[in-house]
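The exercises below are meant to be worked with the sequence and the 3D view side by side. Try each task before reading its solution.

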Amino acid sequence: MADIVVLGGGVAGLGLAAFAARRGHRVTLVERDGPPPEGGAHTEVADWERRGVPHARQGHALLGLGIGVLREECPEALAELTGRGAVAVPLETGGDDLGLLSRRLVFEAALRRRAAADPSVTLLHDRVTGLLSAGTPHGGPHVHGVRLAGGGDLAADVVLDATGRRSSVAAWLTAIGGAPPRETVQSCGFSYIAQEFALDAGGRFPSLRAPVVHELDFATVLAFPGDNGRFHMSTTVSSRDPVRTRLLDRSVYLRFLASVAPVRDWLDGATPVGDPMPMAGLENRRRSLVADGAPLVTGYALVGDACVQTNPTFGRGVSLALAHARTVADRLGRLDQAPPDWALETHEVTEQCLGLWFEQQVATDAARLAELAGGAHHDSLTARVLTALAVLREEDAHVRVVAERVYHMLLTPAELMRDRKVARRVLAFLREHPDLRREHVGPNRQDFERLVTG
Ligand SMILES: Cc1cc2nc3c(=O)[nH]c(=O)nc-3n(C[C@H](O)[C@H](O)[C@H](O)COP(=O)(O)OP(=O)(O)OC[C@H]3O[C@@H](n4cnc5c(N)ncnc54)[C@H](O)[C@@H]3O)c2cc1C
């Protein structure tokens with residue numbers, strides 16, 4: 001049994017705490033924000049102070065990969081969620097895979113209650129301010145604990161940093177004489193605007209697929225069905241769009257949404273809750289603690305968004321965070337290894353779990369950014385394959401099943417192309433449609449500007 005300190009009680013940290021405890025370890029989780037308020041799902045969303053997660057109230061899709069991990073590792077959390085109004089949705093993957101409709105804070109509150117109920121997990125309400133190092137026995141610093149804002153230190157066999165996309169890892173490592181992580185960063189180039197809605201009594205979601213994505217030639221509109229009849233309508237627009245802040249006016253935002261034909265049936269029979277919520281500074285970012293084949297630090301690993309964050313419009317972050325949490329929890333059984341070996345092997349399994357999805361996201365986004373910037377259309381092969389799948393899935397049941405599995409990250413795009421029947425269909429389709437473009441919906445740019453400035 002090892003003493004594990006987990007930094008951050010978001011999805012990755014809470015998952016990790018529960019999964020590590022299940023494997024027989026003693027866990028102390030340090031989270032800067034307090035617990036969710038009592039009073040049910042709507043109270044959790046309305047009143048939970050989550051300053052540590054500025055995007056906590058944005059619409060979230062919870063894909064098959066993450067829900068699968070939760071079903072295996074923490075079925076009680078899933079049962080509690082469905083008992084509180086989250087909806088488990090069977091996926092068309094040919095298996096018994098599920099997606100889940102739930103607002104992010106409702107989901108997170110259930111994970112937190114689950115972790116708190118485990119006698120091997122201690123939840124500390126405090127803020128981590130730095131790392132404790134035992135010198136540099138292996139080249140880089142060896143971390144053996146953390147420093148807390150509330151005073152005092154916490155010792156650990158290993159420190160797992162799940163403090164999210166704004167992790168202070170670079171400053172913390174530099175402060176103990178180490179090198180900052182190696183980073184790959186690509187700005188997503190857009191900002192998010194999300195509006196929550198409540199279905200009127202007796203209303204139904206037009207689709208249970210999350211998210212439902214509609215692309216305009218200057219924006220993307222997404223519907224995220226959630227728990228208890230609540231849903232979000234989110235829009236991404238270029239961060240440089242001069243009229244983007246107009247969409248923060250609720251009446252303007254509703255007028256814009258009503259102009260996008262395929263989402264109109266979401267608006268009929270629903271009432272807005274609160275005002276549109278902005279979110280900027282979105283990135284694909286990978287942080288690595290290994291450089292030139294050697295660990296930069298030992299006794300310490302990054303988990304979830306602190307390690308890899310991806311474009312939120314693909315709805316992958318929570319699933320990747322939970323899958324990575326499980327991968328790292330599995331590594332805790334090998335803390336008897338020499339610390340540099342543990343660090344390198346943890347890095348390798350992290351690459352297998354997250355690296356491929358990160359690279360695919362960067363390639364897909366580079367193409368979409370070029371398209372938004374100049375109308376140019378240079379999709380990567382992966383992006384073209386995904387577009388072909390979106391068309392072919394409507395016509396072919398076998399393609400539909402594998403496309404669904406890729407969409408929910410239960411199959412990688414490379415594995416998909418090893419299915420010879422699908423590969424033949426996709427490649428023939430791409431040959432027949434060399435200029436394949438996604439269908440764009442909604443008002444054109446001129447009408448949009450008239451609409452939001454009028
Ligand atoms: C606009 C937007 C929309 C998104 N939509 C989706 C979606 O539809 N589907 C999806 O799967 N993913 C989505 N994501 C991504 C998803 O939210 C993240 O991948 C997920 O939050 C990662 O969880 P995490 O635990 O790694 O980090 P976080 O959730 O950010 O949690 C980090 C935690 O660390 C705590 N913390 C930070 N610093 C300290 C400290 N010094 N001491 C103590 N505690 C600290 C914070 O309070 C927080 O609780 C979206 C992201 C954004 C920005």
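Two strands count as paired when DSSP finds at least two bridges between them. The model used throughout is a predicted one.

**Exercise 1. Determine how β7 is joined to strand β8, and describe what lies between the two strands.**

Solution. Start with the bridges: three of them join β7 to strand β8, which covers residues 153-155, and the two strands run antiparallel. To fix the register, take Val146, whose bridge partner in β8 is Leu154. Then follow the chain from one strand to the other: β7 and β8 form a hairpin with four residues between them, and Gly151, which lies in the turn, has a positive phi of about 100°.

**Exercise 2. Find the bridges that join strand β6 to strand β7, and name the residue that stands opposite Gly130.**

Solution. Strand β6 comprises residues 128-133 and strand β7 residues 143-148; five bridges join them, and the pairing is antiparallel. Within this pair, the residue of β7 that stands opposite Gly130 is Arg147.

**Exercise 3. Work out the strand order of the open sheet that contains β16, and identify its edge strands.**

Solution. As a reminder, strands of a sheet pair through backbone hydrogen bonds, in either a parallel or an antiparallel manner. In this open sheet there are three strands, ordered β10-β16-β20, with antiparallel pairing. The edges are β10 (182-187) and β20 (308-309), each of which pairs on one side only. Between strand β16, residues 283-288, and β20 there are two bridges, and Arg285 stands opposite Gln309 in β20.

**Exercise 4. Describe the surroundings of the ligand, from its closest residues to the pocket that holds it.**

Solution. First, count the shell: 36 residues surround the ligand, and the closest are Glu31, Arg50, Ala61, Arg104 and Val318. By class, this shell is made up of 14 nonpolar, 13 polar and nine charged residues.

Next, examine the contacts to oxygen atoms of the ligand. An N or O atom in the side chain of Arg50 is 2.7 Å from one such oxygen atom, whereas Ala61 places a backbone N or O atom 2.7 Å from a ligand oxygen. For Gly315, a backbone N or O atom lies 3.2 Å from an oxygen atom of the ligand.

Then consider the burial: of the 990 Å² of accessible area that the ligand has on its own, the protein covers 95%. Finally, the space taken by the ligand is the second largest pocket, and the elements that give two or more residues to the shell are α1 (11-22), β2 (26-31) and α9 (317-331).

Key. Residues are numbered from 1 along each chain as its sequence is written. This is a predicted model: local features need pLDDT of at least 70, side-chain atom pairs count only at pLDDT 80 or more; totals for chains, interfaces and linings use all residues. Side-chain values use heavy atoms; hydrogens and water are left out. A residue is near a molecule or strand if one of its heavy atoms lies within 4 Å of it. A polar contact is a pair of N or O atoms within 3.5 Å; within protein, one must be able to donate a hydrogen and the other to accept it, and residues adjacent in sequence count only if both atoms are side-chain atoms. Accessible areas come from the Shrake-Rupley method with a 1.4 Å probe; for residues, only the protein chains shown count as cover. On a 1 Å grid over the protein atoms alone, a cavity is a set of points where a 1.4 Å probe fits but cannot get out, and a pocket is an open set with protein on both sides within 12 Å along at least five of seven lines; lining residues have an atom within 4 Å of a point. A molecule sits in a cavity or pocket if more than half of its atoms lie within 2 Å of its grid points. Ala, Val, Leu, Ile, Met, Phe, Trp, Tyr, Cys and Pro count as nonpolar, Asp, Glu, Lys and Arg as charged, and the others, Gly among them, as polar.
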